[in-house]
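Work through these exercises with the sequence and the 3D view side by side. Try each task before you read its solution.

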Amino acid sequence: MDHDIFISLDRLPKKPSCSTDPKAYGLWTRVRSSALRHQYIQLDPPGVRLWMAFDVDRPGGALEWQSAGLPPPAWSCTTRNEKHGRTGHGHIVYGLSVPVVGRDMADHPVRYYEAVYEAYRGRLGADPAYTQTLTKNPINDQWLVVRGLSRLWTLGELAEYVQLPRLQFRAGKEPEGGMGRNIDTFDRLRFWAYPRVYAARQSGSLEAWRAACDEKVQELDQLNMPPMGWSETKHISKSVATWTWQEY
């Protein structure tokens with residue numbers, strides 16, 4: 001195996017999730033040497049982002065970065081279709097030179113990563129439901145693999161190729177969206193919370209403040225089309241309520 005970024009061992013989790021067919025068999029956790037024998041593999045350790053992977057679900061999708069005017073990825077993997085001489089949908093993967101660490105959108109590096117990711121996803125026309133949990137394993141013979149540049153990118157370098165979604169906050173003005181429902185809702189909720197948390201802290205409890213944020217985030221979620229639902233917005237509410245109560 002090469003020591004370059006094609007898929008170097010030191011950039012993989014020690015025990016990645018993997019699968020031969022996630023829909024049919026689910027996921028397994030294996031040591032690296034065993035996981036690398038499977039068709040799908042987890043690239044990022046928990047809480048760390050070393051890669052950006054996109055699922056472009058249409059014929060020739062693995063080369064979509066060219067027509068989208070984006071820089072070459074580390075690699076792209078596509079489904080073989082030898083009978084018809086064509087390839088199916090593919091995964092396009094970029095490597096990051098600086099790891100992005102964090103699990104919460106309150107972390108600025110995570111929000112920057114999500115902004116760049118969303119901009120690339122839009123340009124590629126990639127699947128918005130793809131979670132990056134598993135990626136086509138580029139050293140598995142099942143896939144047709146196209147190698148890109150043997151280099152890693154900073155988020156700033158990747159951002160030079162796209163227009164990042166921007167959120168502007170002014171008095172009496174809602175954020176101008178584009179970074180995705182989660183981040184838009186997160187920003188709307190935190191800017192609602194900033195001028196209110198001091199009074200809540202003086203006259204109430206953390207539990208009451210959390211309940212107020214819960215109520216507000218469900219109201220804000222109705223601005224999303226379609227709404228995300230409580231299973232997703234509860235994490236946003238908890239993050240904003242806890243941080244503003246303790247830090248703001």
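**Exercise 1. Decide whether Cys213 is buried or exposed, and do the same for Cys77.**

Solution. Keep in mind that this is a predicted model. Step one: take the relative accessibility of Cys213, which is 0%. Step two: apply the cut-off, since buried means under 20% relative accessible area. Cys213 is therefore buried. Step three: repeat for Cys77. Its relative accessibility is 0%, so Cys77 counts as buried too. Step four: check for disulfides. A disulfide is a covalent bond between the sulfur atoms of two cysteines. A search of the whole structure turns up zero of them.

**Exercise 2. Find the strand order in the sheet that contains E5, and name its edge strands.**

Solution. Recall the general rule: strands of a sheet pair through backbone hydrogen bonds, either parallel or antiparallel. Step one: read the order, E4-E6-E5-E8. This is an open sheet of four strands, and the pairing is antiparallel. Step two: look for strands that pair on one side only. These are E4 (48–56) and E8 (143–147). Step three: note the twist. Neighbouring strands are turned by 25 degrees against each other on average, direction ignored.

**Exercise 3. Describe how E5 is held between its neighbours, and list residue partners.**

Solution. Step one: start on the E8 side. E5 (residues 75–79) and E8 pair over five bridges, in the antiparallel sense. Two partners can be picked out here. Trp75 stands opposite Arg147, and Ser76 has Val146 as its bridge partner. Step two: turn to E6. Four bridges join E5 to E6, again antiparallel. On this side, Cys77 stands opposite His91. Step three: ask how covered the strand is. Four of the five residues of E5 are buried.

**Exercise 4. Work out the order of the other four-stranded sheet, E2-E1-E3-E7 when read across, and locate its edges.**

Solution. Step one: this sheet is open, with antiparallel pairing. Step two: its edge strands are E2 (28–29) and E7 (135–136). Step three: zoom in on one pair. E1 (residues 17–19) and E3 run antiparallel and are joined by two bridges. Ser19 has Tyr40 in E3 as its bridge partner.

**Exercise 5. Identify the element that gives the largest share of the largest nonpolar core.**

Solution. Step one: get the size. The largest nonpolar core has 40 residues. Among those with the most contacts inside it are Met52, Phe54, Tyr94 and Leu124. Step two: list the elements that give two or more residues. They are E3 (40–41), E4, E5, E6, H4 and H5 (155–159). Step three: pick the top contributor. It is H4, with seven residues. Step four: place that helix. H4 (residues 108–124) lies across E4 and E6 (90–101), running at about 15 degrees to E4. Step five: follow Leu124. Leaving aside neighbours within four places in sequence, its contacts include Phe54, Trp65, Leu70 and Ile92.

**Exercise 6. Sum up the whole protein in numbers.**

Solution. Step one: count elements. There are nine helices and eight strands. Step two: check burial. Buried residues make up 46% of the 248 residues. Step three: look at the surface. The protein exposes about 13,100 Å², and carbon and sulfur atoms supply 50% of it. Step four: consider contacts between residues at least 6 apart in sequence. Of these, 69% join residues at least 24 apart.

Definitions and conventions
Residues numbered from 1 in each chain as written. Predicted model: local features only at pLDDT ≥ 70, side-chain atom pairs only at ≥ 80, totals over all residues. Heavy atoms only, no water. Pairing = 2+ DSSP bridges. Axes fitted to C-alpha atoms, helices over the stretch in contact; angles between N-to-C directions. Contact = heavy atoms within 4.5 Å. Core = buried A, V, L, I, M, F, W, Y, C linked by side-chain atoms within 4.5 Å. Buried < 20%, exposed > 50% of the residue type's maximum accessible area, 1.4 Å probe, protein only. Areas by Shrake-Rupley, 256 points an atom, 1.4 Å probe, with all protein chains shown as cover. Disulfide = S-S within 2.5 Å.
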